[in-house]
Every structure is written in structure tokens, then in C-alpha cells.
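Good morning, everyone, and thank you for making time for this. Please have the sequence and the structure open while I talk, and follow along on the screen as I go.

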Amino acid sequence: MRISRHTPPLEFEQRASYVSVLGMNCAPRRNSGWLAQTKQVPGMTRASNEKAGTITTAEPSIETSSEEDLDVPWQIVVHNDPVNLMSYVTMVFQRVFGYPRERAERHMLEVHHKGRSILWSGMREPAELYVQQLHGYLLLATLEKTC
Amino acid sequence: MEIRRRKDQIELCELDPFLAELLRQIPASAKPGGVPAAEQRLFSPPTIEKESEASAEWKLYVEPELRRLFQTATETVAGDLEQLNGNEKSLANRTLRIPSKHADAWLSALNQARLVIAAKHNFTENELNDHCHSPIRSRRDLSLFQVNFYGFLQEFILRELEG
């Protein structure tokens with residue numbers, strides 16, 4: 001088997017980077033959904049109308065989120081996988097996050113050696129989109145709340 | 001087999017019937033086929049808690065999109081592979097031409113196939129790293145070869161994408 005073009009021969013071998021899902025640290029925030037479908041506005045009142053014919057009364061919302069809660073960053077963690085190629089993982093990091101090759105490779109190697117790497121942290125909505133993209137490339141990625 | 005870049009396409013030349021058949025198997029190999037491990041690998045949870053509300057929403061809204069994305073890629077690859085249709089004799093020394101614009105679809109389909117095969121056979125990291133493994137004595141050996149062969153193609157396509 002040989003490869004022509006102006007590149008050095010590519011050996012028929014792969015260097016797998018890889019993983020299994022390892023222990024992770026934080027649980028996702030409750031009552032918040034993908035694509036921002038279930039966001040609650042802090043301080044809103046909620047009407048109780050569970051049974052037809054009952055009198056509707058407004059009650060203060062039990063669950064409120066402080067500004068501080070909403071600002072808590074979320075992080076995107078990519079986990080090792082024994083099948084995905086190192087070069088493929090690097091390319092995905094470059095494409096999804098726009099990282100330069102060196103940075104993408106650094107994260108890829110961290111995944112390979114340590115089992116996981118935090119690729120990005122920030123607000124929940126963009127984080128959700130990044131995770132979706134990573135899953136579209138078949139990487140093992142999770143969204144975690146920063147402790 | 002020889003792989004080369006020619007204008008706007010990648011050419012796999014001098015394909016023998018065995019490798020041609022492995023290529024033809026890509027779309028079928030990419031399907032989990034009801035195997036839970038394979039299904040779980042292609043559609044892994046987005047959070048640590050598999051039963052969380054966020055995971056449920058993911059299954060409802062995101063997973064169908066992912067399924068469509070993966071299927072589109074395998075359909076594109078299946079279309080390209082129609083060049084290899086024919087009996088075994090006619091497959092001798094055939095050439096497969098992959099348009100460069102299909103490179104992403106090929107990367108995805110090859111990746112899907114590799115992940116599904118590895119999950120179905122529960123290959124260990126040692127097995128996956130043993131590139132000198134030979135000869136092929138069993139179905140498992142053949143599947144491992146398939147994973148490595150598809151990985152080889154992925155590497156070449158990635159090089160091409162990098163220019």
C-alpha cells in the first residue's frame with residue numbers, strides 16, 4: 001500500500017488518543033435546558049392553577065436565581081477515547097473553538113495523557129452549542145458547572 | 001492500493017477486491033444495529049448525570065439532529081461508493097474517486113464506523129494500538145483490521161484537508 005503526492009509516505013498505522021469516561025466533578029444546573037428553552041427569570045411570580053375551577057392566586061416564585069448564579073461559568077470537558085485519532089481530535093478543536101494548532105494539540109495531548117481536558121469555560125448557552133458541535137464530530141464531551 | 005490527490009478529488013487506485021469490499025462496508029458498519037454499546041458511543045450523554053433533565057432535553061432536541069447529521073454523511077459516502085458496484089472480478093484494480101467537498105462526510109462516516117465496530121467488539125486500547133497484529137484469523141481480527149484501515153484513510157484525508 002502506498003501513497004503518492006508530494007508528501008512523505010503515510011504509514012498504515014494510527015496513533016490513537018484515547019479514553020474512557022472518567023470521574024467528573026460537578027453536576028449540571030437543574031431546570032436549565034439545551035438551547036435555552038427553560039430559562040427562568042429571577043424574581044418572577046408564578047400563578048397557581050393546577051385544578052380547574054380553583055381560584056388562581058399569585059405566589060412568589062420559590063426558585064429564583066441570583067445574578068451570581070447566572071454568571072457561574074460552565075466548562076466544556078472532552079474525555080479520552082481509545083478510537084478517535086489524535087490528528088482528528090486536534091482538527092476538531094481547531095474547527096470548533098478556532099484554536100491555533102499548537103493550542104489544539106496541547107488540549108489533545110492533555111486528553112490523551114490525563115483522560116480529560118477543559119476546552120472552554122463561560123456562559124451556559126454558548127457552552128451548549130460547543131458541546132453539540134463536539135458531539136457532531138463524535139467526541140466525548142460534557143458540559144460541567146465550574147465548582 | 002495507492003492514494004493520491006488529483007485536482008479536486010482524492011483517488012484510491014489499484015483497489016483489490018478485499019479493500020474495495022471493506023470500503024463498501026463503511027455505511028453498514030456505521031450503523032449501531034441495535035447494539036447498546038455502539039448506540040451509546042455514537043450518542044453519548046452531554047452531562048455527567050445520564051438521567052438529568054438536561055440529558056432528557058438533549059435526547060429530545062439534539063439527538064435527532066445528530067442522527068440526521070450522521071446519516072447524511074453516510075449517505076454521501078454510500079453515493080461515492082456506488083463507483084465500486086459490481087461483481088468481484090470487476091472490482092479488480094478499480095479506482096475510487098472522492099470529491100474533495102465530500103471529505104468531511106468521509107471523515108464522519110469513517111469515524112462512525114470505527115467507533116461502532118470498536119464498541120461492538122469492545123476492543124481494548126492495547127488491541128487498538130497493536131498495529132502489527134496479523135494475520136487475520138477471526139471475525140474479530142478482521143474487524144480490528146477494518147478499524148485500522150478506516151483510520152488510515154482518515155489520516156490521509158486529514159492531511160489533505162490541512163493542505
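In what order do the three strands of the open sheet in chain A lie? Before I answer, please keep in mind that what you see is a predicted model, and that the predictor gives the complex an ipTM of 0.92 and a pTM of 0.77.

The order is 5-4-6, and the pairing in this open sheet is antiparallel. Strand 5 and strand 6, which covers residues 140-145 of chain A, are the edge strands, since each of them pairs on one side only. Going from one strand to the next, the twist averages 25°.

Let us look at one of these pairings in detail. Strand 4 of chain A, residues 74-79, runs antiparallel to strand 5 of chain A, and six bridges join the two. If you want a landmark on the screen, find A:Trp74, which stands opposite A:Gly122 in strand 5 of chain A. Helix 3 of chain A lies across strand 4 and strand 5, and it runs at about 135° to strand 5 of chain A.

Now let me step back to chain A as a whole. It has four helices and six strands, and from the N terminus on, its elements run β-β-β-α-β-α-α-β-α-β. Of the 147 residues in chain A, 32% are buried. If we take the contacts in chain A between residues at least 6 apart in sequence, 68% of them join residues at least 24 apart.

Next comes helix 2 of chain A, residues 86-97. How far apart should its ends be, at 1.5 Å a residue? The 12 residues of this helix should span 16 Å, and the end C-alpha atoms are indeed 16 Å apart, so the expectation and the model agree. Several residues of helix 2 of chain A are buried, among them A:Tyr88, A:Met91 and A:Phe93. What do the buried residues of this helix pack against? Within chain A they pack against helix 3, strand 5 and helix 4, and from chain B they meet helix 6 (103-121) and helix 8 (139-162), so to speak from across the complex. After helix 2 of chain A comes A:Gly98, whose phi is positive, near 70°.

That brings us to chain B. Its mean pLDDT is 90, and 93% of its residues reach 70 or more. As a general caution, where pLDDT is low, the predicted coordinates should not be read in detail.

The secondary structure of chain B comes to eight helices and three strands, and from the N terminus on, the order is β-β-α-α-α-α-α-β-α-α-α. The radius of gyration of chain B is 17 Å, close to the 15 Å that the globule rule gives for 163 residues, and therefore chain B is as compact as a globular protein of that length. Its C-alpha atoms fill a box of roughly 55 × 35 × 30 Å, taken along the principal axes. Buried residues make up 33% of the 163 residues in chain B.

I will finish at the start of chain B, where strand 1 (residues 2-6) and strand 2 (residues 9-15) run antiparallel and are joined by five bridges. Here B:Arg4 stands opposite B:Glu11 in strand 2 of chain B. The two strands form a hairpin with two residues between them, and B:Lys7, in the turn, has a positive phi of about 50°.

How values were computed:
Residues numbered from 1 in each chain as written. Chains lettered and ligands numbered in written order. Predicted model: local features only at pLDDT ≥ 70, side-chain atom pairs only at ≥ 80, totals over all residues. Expected span 1.5 Å × (residues − 1). Buried ≥ 20, exposed ≤ 12 C-beta atoms within 10 Å, placed from the backbone. Contact = placed C-beta atoms within 7 Å. Pairing = 2+ DSSP bridges. Axes fitted to C-alpha atoms, helices over the stretch in contact; angles between N-to-C directions. pLDDT = per-residue confidence, 0-100. Rg over C-alpha atoms; globule rule 2.2 N^0.38 Å.
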